[in-house]
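Here are a few short exercises to work through with the model open beside you. Try each task before you read its solution.

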Amino acid sequence: MSAMHRSTISDFAYQAEALQGVSRTFALTIPQLPDALCDVVGNAYLLCRITDTIEDEPALSAEQKHEFSERFTEVVAGHQEPESFACELGSLLSSSTTQSEHDLIANTARVIRITRGFNEVQRNVLDRCVRIMSQGMAEFQKTATIEGLHDLPHLDQYCYYVAGVVGEMLTELFCDYSAEINERREELLALSVSFGQGLQMTNILKDIWDDRHRGVCWLPQDVFQAAGFKLSSLSTEHHDPGFAKGLSELVAIARHHLSNALRFIMIIPAHETGIRLHCLWALGMAILTLRRINTTPAFKSGTEVKISRRSVWIVTVVTRILVRSNTALKLLFDGLTYSLPRTQGTHLEQARS
């Protein structure tokens, strides 16, 4: 076995290990994909996670975040080497960044070696995603405050940069993998951003208090102002009915986006069970999380609305049984979301993809 081949095997082994460390959810869903997609999607997730680590590190100034984000996009594009980037960024990371993320930054070169081994279409898709995500997140970090985002369109834009563009990336990778899927490319792309936004809005709602502890808020002011509540007065010590009303509006919008996620999945050919399961598991966990948020609007930490391992297991078992049937999946979605609020009025228009 050549040294280069041993190095490649070692890099892929590291990628699988790193996924386990930085995201149990994606470490669960990515292996469901066909072999031809598993490695590139896993690599894409780690690239996005490096971008997230830069933006989430409190020890970095806005200028430093912008600089490292720009450098990383150049690394992914193949215009810079990753070693100096990783060394300089790693030396500045604080204890607020998890050990798994420290390790990921230190091993950026291993991740990038895998990236550079993909075909041209895959490399271009990953490059586009990282570039848009890095630029967009850097802009939002400059103006992030505890006061929240200005309005719902502002939230839509934020969700696009952190998740919608990932939906587009996955769609392009699926289309590159399958000529049959590529025939429905435009339909899938039209739903992919909404799919990503549904997942991201669920995370935003779950992480309200964790984000607030970090001094940021990604909730839209206009939705809560319409409900008679100012986000500046948000506190775990007092539960305002206006806040609960605004939260319910956002749950309804997230549900709408998740219904588009189901439409996306149902377009994927029934025999592509791996791709369907990858998407269904993410969708199922988001729905169950939304249900917990909806029934516990006074929750004070993300752990209170985090779904159990048993719930995750049920999602995986049930969807494996129903994965090929669009009719069964639609009935399951309708049943699980029956108790969730629905969008109406202007917010319905704003929530449409």
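**Exercise 1. Work out how helix 4 and helix 8 are oriented to each other: roughly parallel or roughly antiparallel?**

Step 1. In this predicted model, find helix 4 at residues 62–76 and helix 8 at residues 120–143.

Step 2. Compare the axes: they lie 9 Å apart, and the packing angle is about 175 degrees.

Step 3. Angles over 145 degrees count as roughly antiparallel, and helix 4 and helix 8 are therefore roughly antiparallel to each other.

Step 4. Now look at who touches whom. On the helix 4 side, the residues in contact include K65, H66, S69 and F72. Their counterparts in helix 8 include D127, V130, R131 and S134.

**Exercise 2. Describe the salt bridge between D127 and R131, and say where its two residues lie.**

Step 1. Both D127 and R131 sit in helix 8. They are four residues apart, which is about one turn of the helix.

Step 2. Their side chains meet with an N to O distance of 3.7 Å, and the cut-off for a salt bridge is 4 Å.

Step 3. Check the exposure of each partner. D127 has a relative accessible area of 18%, so D127 is buried. R131 is at 23%, so R131 is partly exposed.

**Exercise 3. Find which parts of the chain are tied together by the salt bridge between D11 and R113.**

Step 1. Locate the contact: the D11 and R113 side chains meet at 2.8 Å, N to O.

Step 2. Place the partners. D11 belongs to helix 1 (residues 3–22) and R113 to helix 7 (residues 108–115), so this pair links parts that are 102 residues apart in sequence.

Step 3. Compare their surroundings: D11 is buried at 4% relative accessible area, whereas R113 is partly exposed at 43%.

**Exercise 4. Do the same for E101 and R49: are they buried or exposed?**

Step 1. The side chains of E101 and R49 form a salt bridge of 3.1 Å, N to O.

Step 2. E101 is in helix 6 (residues 99–106) and R49 is in helix 3 (residues 35–56), so the bridge ties parts that are 52 residues apart in sequence.

Step 3. Both residues are buried.

**Exercise 5. Identify which residues form a nonpolar surface patch with W313.**

Step 1. Start at W313 in helix 16, residues 309–322. W313 has a relative accessible area of 55%, so W313 is exposed.

Step 2. Add its partners: I314, V317 and I321 complete the patch, and together the four have about 400 Å² of accessible area.

Notes
Residues are numbered from 1 along each chain as its sequence is written. This is a predicted model: local features need pLDDT of at least 70, side-chain atom pairs count only at pLDDT 80 or more; totals for chains, interfaces and linings use all residues. Side-chain values use heavy atoms; hydrogens and water are left out. Patches are made of residues with over 30% relative accessible area and no salt bridge: like charges are joined within 9 Å, nonpolar side chains (Val, Leu, Ile, Met, Phe, Trp, Tyr) within 5 Å. Accessible areas come from the Shrake-Rupley method with a 1.4 Å probe; for residues, only the protein chains shown count as cover. Buried means under 20% relative accessible area, exposed over 50%, partly exposed in between (1.4 Å probe, protein chains only). Axes are lines fitted to C-alpha atoms, for helices over the stretch in contact, and angles run from 0 to 180 degrees between N-to-C directions. Angles under 35 degrees count as roughly parallel, over 145 as roughly antiparallel, 65 to 115 as roughly perpendicular and the rest as oblique. Contact means heavy atoms within 4.5 Å.
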